[in-house]
Protein chains: 2
Amino acid sequence: MGRIRLGPGAEFDLIRSLLEHDASLRERLETHAPGVDSVLVGPGDDCAVVHGPGIALSVDLSIEDVHFRRDWLEPPEIGWRATAAALSDLAAVAAEPVGILVSLALPRSVDADAEALMTGVSEAAATYGAVLLGGDVSRSPGPVVIDIVAVGRVGAPITRSGVRPGDAICVTGRLGGAAAAVAAWKRGTEPSTEARTAFARPRPRLAEARWLAERGALHGAIDLSDGLAGDAGHLASASNVRILLDLAAVPVHPAALGPDADRDAGLALALGGGEDYELCFAGPADTCAALTDAFRERFGADLTRVGEAVPGEGLYARERPDAEPRPLRTGGYSHIDGQA
Amino acid sequence: MGRIRLGPGAEFDLIRSLLEHDASLRERLETHAPGVDSVLVGPGDDCAVVHGPGIALSVDLSIEDVHFRRDWLEPPEIGWRATAAALSDLAAVAAEPVGILVSLALPRSVDADAEALMTGVSEAAATYGAVLLGGDVSRSPGPVVIDIVAVGRVGAPITRSGVRPGDAICVTGRLGGAAAAVAAWKRGTEPSTEARTAFARPRPRLAEARWLAERGALHGAIDLSDGLAGDAGHLASASNVRILLDLAAVPVHPAALGPDADRDAGLALALGGGEDYELCFAGPADTCAALTDAFRERFGADLTRVGEAVPGEGLYARERPDAEPRPLRTGGYSHIDGQA
């Protein structure tokens with residue numbers, strides 16, 4: 001797999017610097033590192049995949065006051081959310097969960113909630129068939145820190161770099177619900193139950209991804225953790241294609257529309273808000289239409305064509321199918337620039 | 001592998017609670033979790049090992065003001081130390097490094113040092129043959145957080161639970177050097193160069209562990225991250241044996257003896273201080289004597305018999321070979337109870 005290019009943003013500058021370190025590291029190690037031969041998919045995708053039977057590995061940090069606030073969530077929800085976010089990276093490569101490792105740092109004031117937090121971790125793991133493989137615990141001098149390592153099995157990993165011109169770009173479920181909850185909390189109001197659930201209890205699309213992969217529907221995929229604009233931008237960048245979104249087609253979560261059914265506000269949350277943990281994928285042009293009914297019957301969720309891949313680069317959007325496409329900011333939500 | 005019992009201490013109460021969650025999780029999943037069948041070594045050992053060609057996985061948290069202070073270490077040393085500590089868990093199961101994943105959370109004030117920190121991570125990884133597999137980055141609202149996932153290959157993992165009565169208990173290298181540096185900083189003085197190097201640039205015994213394993217010398221092993229007393233206690237507990245230490249034999253690091261060559265003070269650092277990242281292992285009674293010369297020639301380090309395993313339980317120590325053994329506190333250094 002070639003070098004992966006990432007979209008802009010401070011978070012990705014840091015990741016890019018990791019990749020550059022790795023490139024020089026690989027050169028130095030070329031002749032004597034046993035590790036290199038074992039790496040099927042390296043950094044820059046949702047998971048690393050090492051040879052053997054195909055072990056997919058990903059790690060996902062959740063930090064208090066960056067990814068969540070303690071007055072927003074109950075302890076089991078903090079644990080569920082962190083675990084679901086990590087497992088969602090396995091969905092993005094169509095891997096089957098095997099287990100998790102849990103790193104947990106707690107300030108003294110949270111010790112009484114540690115077990116409840118771990119209950120949420122265990123529930124999420126059990127729900128998706130992952131067992132606890134290990135972990136590390138530490139005192140924290142400040143924020144609650146949960147870092148979850150997701151471990152999965154995969155025969156033929158789906159990467160971000162497999163999108164081809166002519167592919168349909170599709171998403172599962174509805175977008176912007178989690179961001180609607182965050183927006184409500186930041187306004188000082190309580191989110192709706194639907195919005196709160198979308199943020200606190202995300203459902204990674206693990207079985208859905210494997211189902212789609214088995215049907216040849218996934219040329220490339222990513223899970224939506226930075227918002228559709230940011231993550232579709234990553235797909236375009238990694239695959240060296242232009243992705244063109246039809247904004248009218250984006251399935252906005254009812255909770256993101258709000259009581260006034262404000263489509264523009266909802267669309268902004270779907271594009272720029274993070275952490276829906278739905279899948280955005282590219283597949284053969286007729287994929288969505290052909291699989292929508294069976295997908296809804298099997299999983300009770302929508303499969304929606306939101307655009308297409310064309311030759312070129314970057315992320316473009318049009319308001320209506322007959323409108324002129326214009327470049328779309330791909331910023332998304334950044335856990336470097338943004339604070340919860 | 002049966003249920004592993006851990007030594008006492010708040011840190012281990014938390015880990016134990018993780019294990020208990022996993023036990024109930026396993027029951028629930030018995031019939032339908034694909035993960036369970038893939039797990040060769042579960043939580044409670046230094047690494048998890050999943051089936052296939054034997055992939056060893058461990059995760060190791062380093063948190064500012066708990067594991068290190070920023071005024072003690074240069075940024076590359078922070079990165080080296082965190083990575084070496086994680087790779088040391090691979091040594092403890094005699095696995096060969098494949099790669100690492102890096103989770104990094106930085107406060108804004110440290111952004112300028114991020115690249116230097118990652119240089120230390122890359123150097124440690126390259127030194128031991130591990131490539132960068134991925135990671136996650138986030139803003140931190142306070143401390144620097146580095147969580148390193150170590151990934152290795154292992155045919156026949158060495159666990160903590162394989163110690164048998166009659167085994168010799170041995171250690172590599174010399175102990176207490178890293179703790180001597182911490183003690184100096186806490187007194188408000190500069191540690192000696194030797195002590196500082198032991199803390200800032202630990203050398204995990206990766207090649208050494210595989211060399212010993214190939215020679216049948218490892219029935220059970222652990223890496224010394226909590227001090228000899230704490231970690232030998234974990235070995236005893238996991239293997240259902242009593243471990244009897246000969247205190248006069250413990251190889252105290254010259255830096256731990258200090259300018260006054262105070263053996264008692266040095267021994268206290270060796271037993272109770274953490275993070276030497278040497279190996280403590282159990283093997284056939286004649287192991288150390290038979291391999292000491294070849295080990296020193298190959299690795300330039302000592303191999304020292306420090307005690308034996310006998311029927312019973314717990315950790316005991318005697319001042320001299322003819323003295324009466326007495327129970328030894330196994331507390332070691334705890335990253336829950338202790339603050340850097």
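Let me open with a question: is Asp302(A) buried or exposed? Hold on to that for a moment while I say what we are looking at. This is a predicted model, so please hear everything that follows in that light.

Now back to the question. Asp302(A) is buried, and its relative accessible area is 15%; that falls below the 20% cut-off, which means the label applies. Its side chain forms a salt bridge with that of Arg296(A), with 3.3 Å from N to O. Arg296(A) itself is partly exposed, at a relative accessible area of 39%. So this bridge has one buried partner and one partly exposed partner.

Let's go over to chain B for another bridge. Here the side chains of Arg70(B) and Glu64(B) come together, N to O, at 3.0 Å. Which of the two is partly exposed? That would be Arg70(B), with 35% relative accessibility. Glu64(B), on the other hand, is buried, at 7% relative accessible area. And to return to chain A, salt bridges with shared partners tie Arg174(A), Asp293(A), Arg296(A) and Asp302(A) together in one network. You will recognise Arg296(A) and Asp302(A) from the start of my talk.

How many salt bridges are there over all chains? The count is 33. One of them is the pair Asp246(A) and Arg318(A), whose side chains meet at 2.5 Å, N to O. I like this one for where its ends sit: Asp246(A) belongs to strand S9 (residues 242-246) of chain A and Arg318(A) to strand S12 (residues 314-318) of chain A, so the pair links distant parts of the chain, 72 residues apart. Both Asp246(A) and Arg318(A) are buried.

On to the helices, still in chain A. In helix H6, residues 193-200, the buried residues include Ala195(A), Ala198(A), Phe199(A) and Ala200(A). What covers the buried residues of H6(A)? Among the elements that do are helices H3 (75-92), H5 (177-187) and H9 (254-257) of chain A.

In chain B, let's look at how H3 and H6 pack. As a reminder, two packed helices are described by the angle between their axes and by the distance between those axes. For helix H3 (residues 75-92) and helix H6 (residues 193-200) of chain B, the axes come within 9 Å and cross at roughly 60°. H3(B) and H6(B) are therefore oblique to each other. On the H3(B) side we have Glu77(B), Trp80(B) and Arg81(B), and they meet Arg196(B), Phe199(B) and Ala200(B) of H6(B). Sorted by class, this contact has three nonpolar residues, three charged ones and no polar ones.

Two more stops in chain B, and then it's over to you. Ser239(B) is in helix H8 (residues 228-239) of chain B. The residue is buried, with 9% relative accessible area. Which backbone nitrogen does the side chain of Ser239(B) reach? It is that of Val163(B), at 3.0 Å. Apart from neighbours within four places in sequence, Ser239(B) is in contact with Arg160(B), Ser161(B), Gly162(B) and Val163(B).

My last residue is Asp286(B), in the loop between strand S10 (279-283) and helix H11 (287-299) of chain B. Asp286(B) counts as exposed, at 51% relative accessibility. Its C-alpha atom is 8.6 Å from that of Asp167(B), and the two residues are 119 residues apart along the chain.

Thanks for listening, everyone!

Notes:
Residues are numbered from 1 along each chain as its sequence is written. Chains are lettered from A and ligands numbered from 1 in the order in which they are written. This is a predicted model: local features need pLDDT of at least 70, side-chain atom pairs count only at pLDDT 80 or more; totals for chains, interfaces and linings use all residues. Side-chain values use heavy atoms; hydrogens and water are left out. A salt bridge is a side-chain nitrogen of Lys or Arg within 4 Å of a carboxyl oxygen of Asp or Glu. Helices (H or I, at least four residues) and strands (E, at least two) are DSSP runs, numbered from the N terminus. Buried means under 20% relative accessible area, exposed over 50%, partly exposed in between (1.4 Å probe, protein chains only). Contact means heavy atoms within 4.5 Å. A polar contact is a pair of N or O atoms within 3.5 Å; within protein, one must be able to donate a hydrogen and the other to accept it, and residues adjacent in sequence count only if both atoms are side-chain atoms. Axes are lines fitted to C-alpha atoms, for helices over the stretch in contact, and angles run from 0 to 180 degrees between N-to-C directions. Angles under 35 degrees count as roughly parallel, over 145 as roughly antiparallel, 65 to 115 as roughly perpendicular and the rest as oblique. Ala, Val, Leu, Ile, Met, Phe, Trp, Tyr, Cys and Pro count as nonpolar, Asp, Glu, Lys and Arg as charged, and the others, Gly among them, as polar.
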